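Visitor: Could you take me through one part of this protein up close? I'd like to start with a loop and then see how some of the helices pack.

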Amino acid sequence: MTTEPPRRRLVPAIALLLLAPWTAECSWGGFTLTGMPFVVLVLAPMYGGAALLIRETARRLGLGWPGIALLAAAFGVIQAGLVDQSLFNPGFLDDTEFAGTRAAAEATLVPGLGFSARQAVDYVGNHVVLTICAPIALVESYLGAGRRARPWLGRPGLTTAALLWLGGSLLVFADDGGRKNFLASPVQLTVAVGVALALITAALLRRRLAGPPPDAPTPAGRPHAEAGPPRPLWPALVVAVAYVGSTIAPGWPGVVLALTLAGIVAALLTRWSRRPGWGQRHVLATAAAGLVVAAALAYTVPTYAPASPAAALVGDVAISVIVLLLVGGAWWRITVARDRRRAAAPAGRPASPPA
């Protein structure tokens, strides 16, 4: 448990609590500028509470980013399958500007379970990228290197985060505009619970099955077999291309393409992140790539509720500015911290692990 003053630990926790709902629902153009504050405040307990719980669990247990991604996928299944049940409700978007997507979704219905594979990939994938990974990476990038992998919350804070998530989820489940008076069948709910538990189990088992960390010493007489990691631009490009590529094909071919691209990205990032020299700049570039692409695509998608062209454009421009400031500020923070460590390091000795 960290000995940092409570206020110093609470600042990043509150930042994550408020950032997660914005990246989840606003960063891709779902709401106008005037609607964003309300969305953040209402959804902060559910999205922000989940992001905090996942981040704290992963950091306390040493699960790393693969563990965070698996827990994020479990949250996506719980959110879409159990809370608002949008995964099983074919009319979930009928009262929004996305009503026209229903036909495309029904083209990939899974027989016997009544959910769209296309929507499952989109819902869960966006929760992994936008709701959990991007805000965690952004907030951690603003912290010093010694605080990024350290827990922020003690037991009271963890209990509060859990209650926030549970209360926010129950509020959405009970609200007419949340679950929209739909209730999935027992079989559908059982499948959702089973998939979520499997993903959580995989995340928790990862620590036991994972190999040594990238900076672990190699056996005597055996040089490290891997070269250094690529420049941060390359993992960012890989994520960006996969994010865009997963949306270009309709129907089952699009689902297969999206899953294939996700697998390739996961394999490449796992391989690269095990190389000595992988640092926070790579983490930020990887996690921010999906957020930047989502912000760019905001100009091409409508808001949930009808909005005038002027209001939609103002909201999209605001999203671009906010994302650029968040990502640019985090990159500047990492770079300045790295330069200071290099300047303070004795001659001939490495400053610290790479940023």
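**A loop and a helix with two partners**

Guide: Let's begin with Lys-180, which sits in the loop connecting helix H6 (155–174) to helix H7 (186–209). Keep in mind that this is a predicted model. Lys-180 isn't a glycine, yet its phi is positive, at about 60°. Asn-181 belongs to the loop between H6 and H7 too. Its phi is near 55°, again a positive value in a residue other than glycine. Is Asn-181 buried or exposed? With a relative accessible area of 64%, Asn-181 counts as exposed, because the cut-off for that label is over 50%.

Now step back for a moment to see what surrounds that loop. The protein is built from 11 helices and 0 strands, so if you read along the sequence you just get α-α-α-α-α-α-α-α-α-α-α. Of its 355 residues, 44% count as buried. Take the contacts in the protein with a separation of 6 or more: 81% of them link residues 24 or more positions apart. As for the outside, the accessible surface comes to about 17,600 Å², and carbon and sulfur atoms hold 70% of that.

For the packing, follow helix H5 (residues 117–141), starting with helix H2 (residues 36–61) as its partner. The two axes come within 10 Å and cross at roughly 65°, and the crossing is right-handed. On the H2 side, the contact uses Tyr-47, Ala-50, Ala-51, Ile-54, Arg-55 and Arg-59. H5 answers with His-127, Thr-131, Ile-132, Ile-136 and Glu-140. Sorted by class, that contact has 6 nonpolar, 2 polar and 3 charged residues.

H5 also meets helix H9 (residues 251–273), and here the axes come within 9 Å and cross at roughly 30°. This crossing is left-handed. From H5, the residues involved are Ala-117, Arg-118 and Val-121. From H9 you have Trp-252, Gly-254, Val-255, Ala-258 and Leu-259. The tally for the contact of H5 with H9 is 6 nonpolar, 1 polar and 1 charged.

So when you turn the model, find H5 and look for both partners: H2 in a right-handed crossing, and H9 in a left-handed one. Then go back to the loop between H6 and H7 and pick out Lys-180 and its exposed companion there, Asn-181.

Terms used. Residues numbered from 1 in each chain as written. Predicted model: local features only at pLDDT ≥ 70, side-chain atom pairs only at ≥ 80, totals over all residues. Heavy atoms only, no water. Axes fitted to C-alpha atoms, helices over the stretch in contact; angles between N-to-C directions. Helix = DSSP H or I, 4+ residues; strand = E, 2+ residues; numbered from the N terminus. Left-handed = near helix turned anticlockwise from the far one by under 90°. Contact = heavy atoms within 4.5 Å. Nonpolar A, V, L, I, M, F, W, Y, C, P; charged D, E, K, R; others polar. Buried < 20%, exposed > 50% of the residue type's maximum accessible area, 1.4 Å probe, protein only. Areas by Shrake-Rupley, 256 points an atom, 1.4 Å probe, with all protein chains shown as cover.
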